[in-house]
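Here's a quick look at one predicted model, covering its enclosed space, one of its helices and its cysteines. Have the viewer ready.

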Amino acid sequence: MPSAPEKPLYIKVNPRDNVAIVVNDGGLPKGTVLADGLELQEHVPQGHKVSLTDLAQDDPIIRYGEVIGYALRPIKKGSWISESLVRMPVPPELDELPIATKVPAPQPPLEGYTFEGYRNPDGSVAVRNILGISTSVQCVTGVLNYAVKRIKEELLPKYPNVDDVVGINHNYGCGVAINAPEAVIPIRSLQNLAKHPNFGGELMVVSLGCEKLHPTMLVPDVELNEENLCWLQEQHGFGAMVDKIVRMAEERLIRLNQRKRETIPVSELVVGLQCGASDAFSGVTANPAVGYAADLLVRAGATVLFSEVTEVRDAIHLLTPRAANEEVGRALIREMKWYDDYLARGGVDRSANTTPGNKRGGLANIVEKAMGSVAKAGSSPIAGVLTHGERANKKGLLFAATPASDMVCGPQQLACGIHMQVFTTGRGTPYGLAMAPVIKVCSRNYLKEQWPDLIDFNAGPIATGEATIEEMGWQIFHLILEVASGRKTWAEHWGLHNALAVFNPAPIT
């Protein structure tokens, strides 16, 4: 017998909302009558907004209880509100924001949760046992990649307790205005990447010999010598370069291979949160579920980072009241202002963020995207703010300033010291990081069905009413602990990772 037709569903997030999003795969056709009697005036694609009331020109369009835009012309109840019908509002004024006026009360501590990780010589912890090879300039990338291929093929099988060998390749180091004020951002980022906790304290640097970013600037607190530094310009030919890198690597692989996992409290974890290829479901399924898991991590004493300035900017008025104190609130505003100025110098504003895929997924503009994006931050007090590339320095929920670009946000969160990342997506992306595991959480059932071997967790059942945000949040929390203890993500299984795109707002010479 043919299956019964799927029940038409839509999601209204907040009682104030005058729009809702269509849940059904493929959308809903004209004439569909929903449970409350609303009749669709036209086909509405999945994830896109339908008007719940008649709207006059310039009437506010409200989702998440917030104004995400204004109607460019009259819109009849039951109509599809496409992005072409929405005028974007101005961003919140940064000088008029409430600060620390609604600091959430601390939730009960979550005790007794642990994971199996590695203890580093300096007392920090790791969730992976990786040999990281730092570079001081992009010029050495070809040689290092060749050497890493050899190391993986010839040496790594002899050291089964080592997870991987990663070259920290980047496009900085020379041909740059290294003394420009904003050069501090890429330099600080590369310094912190070299000391990433998943590298187990084993430092190794490959340099060319004439770059502006001298190795002593890359690792200013370490004495460099023949044991930890390979100058390519001092080697006699390509073969000698590769041989030296391989020899240095094996010395470290021997030590790394002796490390064993041990039981470590969750309070030692640093977890980054990011979203990419978002859709209209991201803000009602994946992001809130991850936000609930973030609250659980904070209750367990861990450090949780959320980022992406342009995807926070339009929701900043919802965040500064949650700042733990005046200092944290002012720091949030500082980072928003810095980025406003950065975009203005480039002749664009935050509207440049939203992608064609975001819009196909139902997000009309950056305002709507931001309202869903900040759901990842859960409901905990914001305990601190990190500027670009700064190492995490306290427990709790932190805002780490980064661009929203997936390829840049990831490396910048790594520089902040995240052990792993939870990455939400609605449209789908095979994104991954070589230095840390990435758990990919999708926002809708269809994407998990389409990509069963790329998506680690499906939050889609929230949209269909089969699960609650709380249930999904607890499952993500437990998955985080499993991955921290060694369970491979799909990106790790396939060896997928993106190149390191370190943020460099300074001039290139």
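Helix α9 (residues 366-373) gives four residues to the lining of the largest cavity, the most of any contributor; helices here are DSSP runs of H or I with at least four residues, and strands are E runs of at least two, numbered from the N terminus. A cavity is a set of points on a 1 Å grid over the protein atoms alone where a 1.4 Å probe fits but can't get out, and lining residues have an atom within 4 Å of a point. The lining includes Y64, C275, D279, E368 and K369, and it splits into three nonpolar, six polar and three charged residues. The space inside is about 50 Å³.

This is a predicted model, so local features need pLDDT of at least 70, side-chain atom pairs count only at pLDDT 80 or more, and totals for chains, interfaces and linings use all residues. Residues are numbered from 1 along each chain as its sequence is written, and side-chain values use heavy atoms, with hydrogens and water left out.

Now for helix α4 (residues 238-256): its 19 residues reach 27 Å from first C-alpha to last, close to the 27 Å expected at 1.5 Å a residue. Among its buried residues (under 20% relative accessible area; exposed is over 50%) are M241, I245, M248 and L253. Their cover includes α1 (141-155) and β10 (130-135).

Finally, the cysteines. There are zero disulfides, meaning pairs of cysteine sulfur atoms within 2.5 Å.

| Cysteine | Closest cysteine sulfur | Relative accessibility |
|---|---|---|
| C210 | C174, 5.8 Å | 52%, exposed |
| C230 | C210, 14 Å | 0%, buried |

C210 doesn't bond with C174 because their sulfurs are too far apart.

Key
On a 1 Å grid over the protein atoms alone, a cavity is a set of points where a 1.4 Å probe fits but cannot get out, and a pocket is an open set with protein on both sides within 12 Å along at least five of seven lines; lining residues have an atom within 4 Å of a point. Grid points are joined across faces, edges and corners, and a volume is the space filled by probe spheres set on the points. Ala, Val, Leu, Ile, Met, Phe, Trp, Tyr, Cys and Pro count as nonpolar, Asp, Glu, Lys and Arg as charged, and the others, Gly among them, as polar. The expected span of a helix is 1.5 Å times one less than its number of residues. Buried means under 20% relative accessible area, exposed over 50%, partly exposed in between (1.4 Å probe, protein chains only). Contact means heavy atoms within 4.5 Å.
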